[in-house]
Amino acid sequence: MTDTDFDTTADFVEVATAAGTVRGRWRPTTGGRGNPRSAAFLGIPFAEAPVGPLRFQAPVPKAPWTGVRDALEFAATAQRGDPGVTLIPEPSVEGDSTLNVNVFTPDPVRAEQGTGLPVLVWIHGGGYFAGSPASPWYDGRNFNRDGVVTVSLSYRLGFDGFGWIEDAPSNRGVRDWLLALEWVQQNIAEFGGDPSRVTIAGQSAGGGAVLTLLGMEKAQHLFHGVHAISGALADVSPARAEAFGRGLAAAAGVSPTVAGFFSLTEERILELQKKATELGPNSLGSVVEDGLPLGPAVDGDLLPRPTRESLSAGVGADKPLVLGATDDEFTMVFSGSEKKLRWVPRSLLLNKLGLPKSVRKAYLAANADIAGLGNARVGGRLLTDRMFRSALLKVVADRGTAPTWLYRFSWPSGHFGFAEHCLDVPFFFDCLDGPSIEPLAGANPPQELADEVHGAAVAFIAGGDPGWPRHQGAKGIARVYDVPTRDVADAYASVRPLLGSVS
């Protein structure tokens, strides 16, 4: 069965939101179980287009409309062109009205208080400067099949969303997340969802986004659980955020104000942004040390302190959290350089990637299996550990006794030979039959593993428990997704030498 099998007027369905009525379309689910169809409502605006006088401002809720608004195609995206920075198909859609939600539901009938289906809200990744909610991988049809209403949202990217401007609201992209989540609270019951059972999830920058929201006092009423996949926190310092904004303005020859930046075209800002964030061959270590220059910033308002400090202080401690990473997130950075790196002294490579001499011996011993595979694999694992895996262990520790579950995605891609960045996303959405899977996962990735990853996500969204023991103590149990999947104590032992040696 294909989408074209649903092509009559009976295949359309309407829902009345607070701003007006939207028309969606029924499509089939896959997998041969559960709900056989899913209604998709695409490109519903939750805010006015952030252009003209609304550019560089906090988002403004969408004004009501009359009549029925078609929600049959993805709306404009904040991403322009194809940045080529992710392994996920994330198309760009032209247009100004970039602040939208896409809703997927198996039962678009208003739910009475407390009777609706659990809700997943997905925030896409892309380093806070790229990515798109219009990816076919983010289609919620198979979460719908299993009884979960799904929402994907868009937000402003790069400098428009996160750049410091002297007289503009901070963290505009974060404010977009908040308004979209407010939209969910106000409207999701009309689509059959329960606003008191909302789980926010995302991958990479999207994983960092949901962790940022978990540590944000002003967001606590908007969600009830968090699933962070390969989360990359930004927490840009005030000084760094301002220096980047002033530097961009100086490069453009304008004042660092709304008026100054408003005089620049979107294309010119993107050009300056790209030039200011370009990575040279020797800059990987500095990225690990300093983090991303654009992303959620500690602004004294939405983010009064870095996220980890908030989590340590108990913010979000009542929210269940699942988090984890792939084993080799960024090993692909060195793909194609294996022969060249073979002749680089290992000590020089490790020094470039910021591994202190004091822990070098212990780290290599803990990763002996990878150390035997050559410098490219060692460098990739270290980059992964420093940027992702050590950071998530620190978040687990910050949470103390709060309900937290940890996992590793270890299944090696049939294409790359290791578990790279983005590999787990199609398993999470159970879309291994979707487009562009083979370049990421190889031919015939294991459906039984998708059943496990997706099934655990459904269990967590529906009941607050993914199905394996909570992580308790420094060497607690984690789920290791592989063939076979298993639960392992101290599953991140190979990362442990880094803890305490890097902040």
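Biologist: Which are the buried residues of H7?

Modeller: In this predicted model, where local features need pLDDT of at least 70, side-chain atom pairs count only at pLDDT 80 or more, and totals for chains, interfaces and linings use all residues, the buried residues of H7 are Ile269, Leu272 and Gln273, buried meaning under 20% relative accessible area, exposed over 50% and partly exposed in between, with a 1.4 Å probe and protein chains only. Residues are numbered from 1 along each chain as its sequence is written, and side-chain values use heavy atoms, with hydrogens and water left out.

Biologist: Where do they fall, seen down the axis of H7?

Modeller: They fall within an arc of 100°, taken from the directions from the helix axis to the C-beta atoms, so they line one face of the helix. On the other side of H7, Glu267, Lys274 and Lys275 are exposed.

Biologist: And what do the buried residues of H7 pack against?

Modeller: They pack against helix H2 (158-162), helix H5 (238-252) and helix H6 (258-262), where contact means heavy atoms within 4.5 Å and helices are DSSP runs of H or I, at least four residues, numbered from the N terminus.

Biologist: Which residues make the contact of H5 and H7?

Modeller: H5 passes H7 in a right-handed crossing, and the contact is made by Phe244, Leu248, Ala251 and Ala252 of H5 with Arg268, Leu272, Gln273, Ala276 and Thr277 of H7.

Biologist: Changing topic, is Pro426 buried or exposed?

Modeller: Pro426, which lies in helix H15 (residues 425-428), is buried, with a relative accessible area of 0%. Leaving aside neighbours within four places in sequence, Pro426 is in contact with Trp137, Cys431, Leu432, Ile437 and Leu440.

Conventions
Helices (H or I, at least four residues) and strands (E, at least two) are DSSP runs, numbered from the N terminus. A crossing is left-handed if the near helix is turned anticlockwise from the far one by less than a right angle, and right-handed if clockwise.
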